[in-house]
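Thank you all for coming; I would like to take a few minutes to go through one model with you. Please have the sequence and the structure open while I talk.

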Amino acid sequence: MFNTALTLSRSKVMGGFAAVLLAATSFATTAFAVTPEEIKAKGTATVGVQMDQFPWGFIDPKGQNDGFDIEIAKLIGKELGVEVKFERITGQNRIPLLVNGNVDFLVPSMTITEERAKVIQYVIPYSSNDITVWGKKDAAIKANEDLGKYVIGVNRGSAFDPLLVKVAPPNTQIKRFDDDATTVQSLLSGQVDAIVGSITYGLVIKQAGYDAQFERKYKVADNFQGMAVRKGDKEMLAFLTDFVTRHTDDGTLDALYKKWIGVDRAKLPTTVPGVDFTGKQ
């Protein structure tokens, strides 16, 4: 992780996320391998990961991929006995990249939703990212009904945005920002009184040196995250399901989560309403 202290400037907050913004991913390279054996024969696993979302997936000061998801993807590659090629994903391109065959599978820290499950095949949850309210310490925010008294910031287009609209009182003043970095910056710079988003926002707030002024207020909702394969890729689904199960049992995923996220990994469900993890639907 980064030890450099952050300031209020956008570039410094982006640094807190290790947000090196790369050029948009091209659709030129096609993976199309759909089974573990095909990936082994190819010698390379093309894995879709985030590259600008600290601490999940980011580019380190040496220009290398690093983070929670990166370590997991490398471990999968090791078990397959192949080299891992990382393909940059964003909230907008990750599902098209998978469906179109540009990547073999996703290790995306992506929220499991019923709507997405209609298009892609989720693996059982391997991670969680509690949707959390962060705010000024003197802000009296203890529950959803308190949000209407304050200006609340959120990353537009994220899973946090519609949830905030759903749970906040109708009169809540909501300000939307382009990404996680600018959302956190809005809190630190006083543009808003609180923000709704990732539990990992606290890491950036702490590294920026503002943990004495801001705090975690409460958890709004669970946010279970899953790897994903294409619909019909049953052998790859079985391999990744076994991977998550084994490394949940042996503590590997717990240790990686604690290392990168800084808190204990929650006990994760193997079923989610409206989502099929078996590949049979």
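I will go through a strand and its partners, then a small sheet, then a helix, and finally a pocket. Please keep in mind throughout that this is a predicted model.

Let me begin with strand β6, which spans residues 105–111 and is mostly covered, with 7 of its 7 residues buried. In a regular strand the side chains alternate between the two faces of the sheet. Here Phe105, Val107, Ser109 and Thr111 point one way from β6, while Leu106, Pro108 and Met110 point the other way, and all of these are buried.

Which strands does β6 pair with, and in what sense? With strand β1, residues 44–49, the pairing is parallel and runs over 2 bridges, and in this pair Val47 stands opposite Phe105 of β6. With strand β14, residues 224–229, the pairing is antiparallel and runs over 3 bridges, and there the bridge partner of Thr111 is Gln225 in β14.

Now to the small sheet, which is an open one formed by 3 strands in the order β2-β3-β4, with antiparallel pairing. Its edge strands are β2, residues 52–53, and β4, each of which pairs on one side only. Between β2 and β3 there are 2 bridges in the antiparallel sense, and Gln53 has Gly57 in β3 as its bridge partner.

That brings me to helix α9, residues 252–261, whose buried residues are Leu253, Leu256, Tyr257, Trp260 and Ile261. Why do these residues lie on the same side of α9? They do so because they cover an arc of only 100 degrees around the axis. As for what covers the buried residues of α9, it includes two strands of the sheet I have just described, β3 (57–59) and β4 (65–66), and also α3 (68–80), β8 (127–128), α7 (201–207) and α8 (234–249). After α9 comes Gly262, whose phi is positive, near 90 degrees.

Finally, I would like to look at the second largest pocket, in which about 210 Å³ of space lies. Of the 13 residues that line this pocket, Pro125, Thr248, Arg265, Leu268 and Thr270 are the closest to its centre. Which helix gives the largest share of the lining? That share, 4 residues, comes from α8, the helix that is also among the elements covering the buried residues of α9. By class, the lining of the second largest pocket consists of 6 nonpolar, 3 polar and 4 charged residues.

Methods:
Residues numbered from 1 in each chain as written. Predicted model: local features only at pLDDT ≥ 70, side-chain atom pairs only at ≥ 80, totals over all residues. Heavy atoms only, no water. Buried < 20%, exposed > 50% of the residue type's maximum accessible area, 1.4 Å probe, protein only. Arc of directions from axis to C-beta. Contact = heavy atoms within 4.5 Å. Pairing = 2+ DSSP bridges. 1 Å grid on protein atoms, 1.4 Å probe; cavity = no way out; pocket = protein on both sides within 12 Å on 5 of 7 lines; lining within 4 Å. Points joined across faces, edges and corners; volume = space filled by probe spheres on them. Nonpolar A, V, L, I, M, F, W, Y, C, P; charged D, E, K, R; others polar.
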